[in-house]
Amino acid sequence: MTKSAVIITSLLTSCYTLFAQPSQPYDQQTQKSRQIALFKKFDTNQNGQLTEQEFVNAIASDLFKKFDQDQDGKVSETEYHKFARDKQRAKQEYPKIDTTQKGYIQLSDVMHYTPLINELRQAFRKVDTKNKGSVSLQELSELNPNS
Ligand SMILES: [Ca+2]
Ligand SMILES: [Ca+2]
């Protein structure tokens with residue numbers, strides 16, 4: 001599994017954890033409000049449907065913010081390597097993201113990094129079980145993280 005796959009898997013696990021039926025220490029009320037808050041954050045045009053594009057954008061920018069530790073809107077090479085779990089792979093991957101060799105990554109670089117975007121699209125298709133290109137909060141709430 002690639003490094004980005006590891007990160008996405010862990011992000012998705014937290015999405016699943018949030019959206020799936022409560023099996024954690026949260027009480028139902030907390031669980032429900034966390035689900036709604038996350039969904040609203042992802043559903044940028046607030047139409048009650050989370051599209052593939054909204055999902056991809058939300059996860060990619062979330063990921064970007066995690067890397068950007070000093071929050072200057074750029075992920076420096078240092079920040080990138082600090083956050084990356086697999087240092088060896090990160091070294092090979094970095095030049096593929098920072099294609100213009102700026103020495104830092106912008107969110108737009110992430111959005112153009114096809115392997116990552118494709119992984120996110122695939123991840124979305126797993127939650128979009130009806131293949132509509134979008135999912136509602138109701139549908140996400142009914143997901144079983146173990147299926
Ligand atoms: Ca939407
Ligand atoms: Ca930074």
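An unreviewed UniProt entry lists "domain: EF-hand" for residues 30-65, 66-90 and 115-147. How do the listed stretches look in this model, which is a predicted one? Over residues 30-65, the chain is 75% helix and 8% strand, and the C-alpha atoms at the two ends sit 25 Å apart. Residues 66-90 come out at 52% helix and 8% strand, with 15 Å between the end C-alpha atoms.

Next comes the inside of the model. Nonpolar side chains tend to be buried together in soluble globular proteins. Here, the largest nonpolar core has 11 residues: F39, L50, F55, I59, L63, L116, L120, A123, F124, V135 and L140. Helix 3 and helix 7 (114-127) are the elements that put two or more residues into this core, and helix 7 supplies the largest share, with 4 residues. One core member, F55, makes contact with F42, L50, L120 and F124, leaving aside residues up to four places away in sequence.

Two glutamines in loops are worth a look as well. Most residues other than glycine have a negative phi. Q71, however, has a positive phi, near 55 degrees. Q71 belongs to the loop between helix 3 (52-67) and strand 2 (75-76), and it counts as exposed because just 7 other C-beta atoms lie within 10 Å, where the cut-off for exposed is 12 or fewer. Q101 also has a positive phi near 55 degrees, and it is found in the loop between helix 5 (87-97) and strand 3 (104-105). Is Q101 buried or exposed? With 7 C-beta neighbours inside 10 Å, Q101 is exposed.

Note on methods: Residues numbered from 1 in each chain as written. Chains lettered and ligands numbered in written order. Predicted model: local features only at pLDDT ≥ 70, side-chain atom pairs only at ≥ 80, totals over all residues. Buried ≥ 20, exposed ≤ 12 C-beta atoms within 10 Å, placed from the backbone. UniProt positions renumbered as here; feature names shortened; annotations may be inferred. Core = buried A, V, L, I, M, F, W, Y, C linked by C-beta atoms within 7 Å. Contact = placed C-beta atoms within 7 Å.
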